[in-house]
Amino acid sequence: MHVDVRPHPVLGFYLRAASLVEAEAAADSLWRHAASFVPQLEEWELVRAEVPLLRPDPGP
């Protein structure tokens with residue numbers, strides 16, 4: 001959580017997905033789940049879910 005970022009606080013998640021659309025949908029879903037269980041997030045509103053596109057780790 002980066003609560004001092006302006007103009008909006010930032011909450012980051014690490015996740016894997018097959019596509020950018022799937023990743024953004026998962027981030028949105030994860031936010032809604034977290035907001036329903038974490039009292040400090042009750043006053044926050046999701047403005048947007050964006051996922052940076054990263055190259056997959058090729059592994060060993």
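The following is a conversation about a predicted model of one protein chain.

User: Which secondary structure does the chain have?
Analyst: The chain has one helix and zero strands. Helices (H or I, at least four residues) and strands (E, at least two) are DSSP runs, numbered from the N terminus. Residues are numbered from 1 along each chain as its sequence is written. In this predicted model, local features need pLDDT of at least 70, side-chain atom pairs count only at pLDDT 80 or more, and totals for chains, interfaces and linings use all residues, while side-chain values use heavy atoms, with hydrogens and water left out.

User: What span should helix α1 have, and what are its end C-alpha atoms apart?
Analyst: Helix α1 covers residues 20-37, and at 1.5 Å a residue its 18 residues should span 26 Å. Its end C-alpha atoms are 26 Å apart, which agrees. The expected span is 1.5 Å times one less than the number of residues.

User: Which residues of α1 are buried?
Analyst: They are Ala-23, Ala-27, Trp-31, Ala-34 and Ala-35. These residues cover an arc of only 105° around the axis, so they lie on the same side of α1. The arc is that of the directions from the helix axis to the C-beta atoms. Buried means under 20% relative accessible area, exposed over 50%, and partly exposed in between (1.4 Å probe, protein chains only).

User: And which exposed residues does the face turned away carry?
Analyst: That face of α1 carries Val-21, Arg-32, Ser-36 and Phe-37.

User: How much of the whole chain is buried?
Analyst: Buried residues make up 10% of the 60 residues in the chain.

User: Changing topic, how many salt bridges are there?
Analyst: The count comes to one salt bridge, defined as a side-chain nitrogen of Lys or Arg within 4 Å of a carboxyl oxygen of Asp or Glu. Asp-28 forms a salt bridge with Arg-32, and their closest N and O atoms are 2.8 Å apart.

User: Why can such side chains pair?
Analyst: Side chains of opposite charge can pair when their charged atoms come close.

User: Where do Asp-28 and Arg-32 lie?
Analyst: Both lie in helix α1, four residues apart, which is about one turn of the helix. Asp-28 is partly exposed, with a relative accessible area of 23%.

User: What does Glu-24 touch, leaving out residues up to four places away in sequence?
Analyst: Glu-24 touches Ala-49, Glu-50 and Val-51, where contact means heavy atoms within 4.5 Å. Glu-24 lies in helix α1. The C-alpha atoms of Glu-24 and Ala-49 are 5.7 Å apart, although the two are 25 residues apart in sequence.

User: Is Glu-24 buried or exposed?
Analyst: Glu-24 counts as partly exposed, because its relative accessibility is 27%.

User: Where is Leu-11?
Analyst: Leu-11 lies in the segment before α1, and its relative accessible area of 24% makes Leu-11 partly exposed. The C-alpha atoms of Leu-11 and Ala-27 are separated by 9.9 Å, with their positions 16 residues apart along the chain.

User: And where is the place of Pro-9?
Analyst: Pro-9 is also in the segment before α1. At 33% relative accessibility, Pro-9 counts as partly exposed. Pro-9 and Leu-46, 37 residues apart along the chain, have C-alpha atoms separated by 9.9 Å.
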